[in-house]
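Me: Could you show me the structure we're looking at, and then let me ask some beginner questions about it?

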Amino acid sequence: MAKQTFLNLSEDKRNMVVNALKKEFSRVPLKDALVSNIIIDAKIPRGSFYQYFNDIEDAFYYIIGEYSKDIKRKLLEYLEKNKGDIILSYKELYLYILNVIDNPDDKEYFENIFLNMNYEIEKMFTPNFNDGLNLILNHVDISKLNISSKFGLGYILDIIESIMMTNIIQSYKRNLSKEKNKEIFERELALVCAGILKK
């Protein structure tokens, strides 16, 4: 992730570097990205790039990590607002993500990210990963679900997030509108609910 030198930069300077990173990662997948393009666009010396990040992969995951923090924060916010209702909260989160990736300034960046998705990127982009899981589990009301433990809930979150990611990727591949994408996600989520909600 980002080194302290990068975090100590002024907000304007950090934004210049982040915008240069996004521009390069919009142009090509990570494996084809070039530090030379980033430093030219950010107007920084090559040495500065390596004072900010270990390598280009480090920079790539820093940006995704920032989105990941935001997505986790939003999910917790929705869970709190919806009194632990996991289904309603994920519906709202999905719409939030669709709005984020539809932002004209970042549209090409996200399209490139999702069309070149791998397991590591997916886990970074979803709220249910590593240290975030316990925090999320503690905010979910399992009394409405047909599961007896928070252990089982972890699997449910994996299923929901897998559906979420698959739908976002398919929306790019099939050029679906935001409305159609939301409709498909909610239909698939309803199928999951039929199997996990108490009757």
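**Asking around the fold**

Reply: Let's begin with one side chain in this predicted model: leaving out residues up to four places away in sequence, F114 touches I101, F125, M165, I168, I169 and Y172.

Me: In the largest nonpolar core, which residues touch the most other members?

Reply: That core has 67 residues. F114, with the contacts I just listed, is one of the residues you're after. The ones touching the most other members are F53 and F114.

Me: And which helix gives this core its largest share?

Reply: The largest share of the core is 13 residues. They sit on a helix covering residues 56-81, and that's helix 5.

Me: Let's zoom out. How many helices and strands does the chain have?

Reply: Read along the sequence, the pattern is α-α-α-α-α-α-α-α-α-α-α. The C-alpha atoms fill a box of roughly 60 × 35 × 25 Å along the principal axes. The count is 11 helices and zero strands.

Me: What share of the residues is buried?

Reply: Here a residue is called buried when its relative accessible area is under 20%. The chain has 199 residues to sort this way. The buried share comes out at 49%.

Me: Of the contacts with a separation of 6 or more, what share joins residues 24 or more positions apart?

Reply: Take L21 as an example of a contact partner: leaving out residues up to four places away, L21 touches I38, F49, F53, A59 and I63. For the chain, residues 24 or more positions apart account for a share of 66%.

Me: How far apart do the centres of the positive and negative side chains lie?

Reply: There are 28 positive side chains and 29 negative ones. Each set has its own centre, and the two centres lie apart by 3 Å.

Me: Now helix 3. Do its buried residues line one face or are they scattered around the helix, and what is the arc?

Reply: The buried residues in helix 3 are V35, I38, I39 and A42. Seen down the helix axis, they fall within a limited arc, so they line one face of helix 3. That arc is 95°.

Me: Which helices do those buried residues pack against?

Reply: A42 lies in helix 3 and gives us a close-up: not counting residues up to four places away, A42 touches M16, V17 and A20. Helix 2 covers 11-27 and is one of the packing partners. The full list is helix 2, helix 4 and helix 5.

Me: Is A42 buried or exposed?

Reply: The cut-off for buried is under 20% relative accessible area. A42 has 0% relative accessibility, so A42 counts as buried.

Me: What comes right after helix 3, and what's the phi value there?

Reply: Helix 3 is followed by K43, which sits in the loop between helix 3 and helix 4. K43 counts as exposed because its relative accessibility is 65%. Its phi is positive in a residue other than glycine, and the value is near 60°.

Me: Where is K83, and what is its phi near?

Reply: K83 is in the loop between helix 5 and helix 6. At 66% relative accessibility, K83 counts as exposed. Its phi is positive, although K83 isn't glycine, and the value is near 55°.

Me: Is L21 buried or exposed?

Reply: L21 is found in helix 2. Its relative accessible area is 0%, so L21 is buried.

Me: D106 is in a loop, so is D106 buried or exposed?

Reply: D106 lies in the loop between helix 6 and helix 7. Leaving aside neighbours within four places in sequence, D106 is in contact with K22 and Y67. Its relative accessible area is 12%, which means D106 is buried.

Me: Last one: which helices do the buried residues of helix 7 pack against?

Reply: The buried residues of helix 7 are Y109, F110, N112, I113 and F114. That brings us back to F114, whose contacts include I101 and F125. The partners of the buried residues are helix 2, helix 5, helix 6, helix 8 and helix 10.

How values were computed
Residues are numbered from 1 along each chain as its sequence is written. This is a predicted model: local features need pLDDT of at least 70, side-chain atom pairs count only at pLDDT 80 or more; totals for chains, interfaces and linings use all residues. Side-chain values use heavy atoms; hydrogens and water are left out. Helices (H or I, at least four residues) and strands (E, at least two) are DSSP runs, numbered from the N terminus. Buried means under 20% relative accessible area, exposed over 50%, partly exposed in between (1.4 Å probe, protein chains only). Contact means heavy atoms within 4.5 Å. Lys and Arg count as positive and Asp and Glu as negative; His and the chain ends are not counted. The place of a charge is taken as NZ of Lys, CZ of Arg, CG of Asp or CD of Glu. A nonpolar core is a set of buried Ala, Val, Leu, Ile, Met, Phe, Trp, Tyr and Cys residues joined through side-chain atoms within 4.5 Å. The arc is that of the directions from the helix axis to the C-beta atoms.
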